[in-house]
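Q: Could you walk me through how to read side-chain features in a model like this one?
A: Sure, let's look at it together.

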Amino acid sequence: GDSSDKRKAFIYRAYQKYLEVIEQAIRRHDPHHLNLGIRFGGHDVPEPMLEASRIFDVFSVNIYDYLPPREQLERTYRIIGRPMLIGEFHFGVPGRGLSAGLKQVRDQKEKGVAYQYYVENAAALSMLVGTHWFQWVDEPNTGRSDGENYNIGLVDVTDRPYPDMVNALRWTHERIQAVHAGRQTPVTTRPRTH
């Protein structure tokens, strides 16, 4: 009775059991904290994995794009019915001997534009409870342990802030609650990528 469908079903059931064992252990030893679950990467998480993710308090996913994909997030929310958190995103700039990262914009000013566009449009989605920028500081020119050397920080490797980015953070965070509540619309200015 072996078949491809039965093997796939077995894998998804094993995944679900794996999550249940971990969830029970976490709740036994740390019952008063949110379980943010497994941080998924990419856009298309298979439905059985989403269904198993109902066990989490919050569904976490990394979305490296210029705009959070509304349809995908709404589909995920319909399946799991849990608040959602974007665990990683960034925009990089070529230069300073560094690579531009997973999503590139023209310059530091446009990195700020991209941040505000992404975060405010994410905040306009009621199921999202937050976004997390990756990462605080630019990566080293010589690369981290895996060679990655992105110009993606809020500060450079000598801890000097990028002023355009700092201003974008300030403007965005002054507006974020009103955008999430629907009292203001998110910005519509898209970042320039070239």
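**Aromatic rings, core and charges**

A: Start with phenylalanine 91, which counts as buried at 0% relative accessibility; buried means under 20% relative accessible area, exposed over 50% and partly exposed in between, with a 1.4 Å probe and protein chains only. Bear in mind that this is a predicted model, where local features need pLDDT of at least 70 and side-chain atom pairs count only at pLDDT 80 or more, while totals for chains, interfaces and linings use all residues. Residues are numbered from 1 along each chain as its sequence is written, and side-chain values use heavy atoms, leaving out hydrogens and water.

Q: How do I read an aromatic pair, and which ring pairs with phenylalanine 91 and tyrosine 118 in the same cluster?
A: A pair of aromatic rings is described by the distance of the centres and the angle of the planes. Rings of Phe, Tyr and Trp (its six-membered ring) pair if their centres lie within 6.5 Å; planes under 30 degrees apart are stacked, over 60 edge-to-face, and the rest tilted. The whole structure has nine aromatic pairs. In one of them, phenylalanine 89 meets phenylalanine 91 edge-to-face, at 5.9 Å centre to centre and 70 degrees between the planes. Phenylalanine 91 also pairs edge-to-face with tyrosine 118, at 5.9 Å and 70 degrees. Phenylalanine 91 sits in the loop between strand 3 and helix 4 and tyrosine 118 in helix 4, so this pair ties together parts 27 residues apart in sequence. (Helices, H or I of at least four residues, and strands, E of at least two, are DSSP runs numbered from the N terminus.) The cluster consists of Tyr66, Phe89, Phe91, Tyr115, Tyr118 and Trp133.

Q: Which residues touch the most other members of the largest nonpolar core?
A: A nonpolar core is a set of buried Ala, Val, Leu, Ile, Met, Phe, Trp, Tyr and Cys residues joined through side-chain atoms within 4.5 Å. Here the largest one has 32 residues, and Phe59 and Leu128 touch the most other members. Helix 4 gives the largest share, five residues.

Q: What about charges: how many salt bridges are there?
A: Side chains of opposite charge can pair when their charged atoms come close. The rule is a side-chain nitrogen of Lys or Arg within 4 Å of a carboxyl oxygen of Asp or Glu, and the count is 14. Take aspartate 156, buried at 4% relative accessibility: arginine 96 bridges to it at 3.4 Å, and arginine 160 at 2.9 Å. Arginine 160 is exposed, at 51%.
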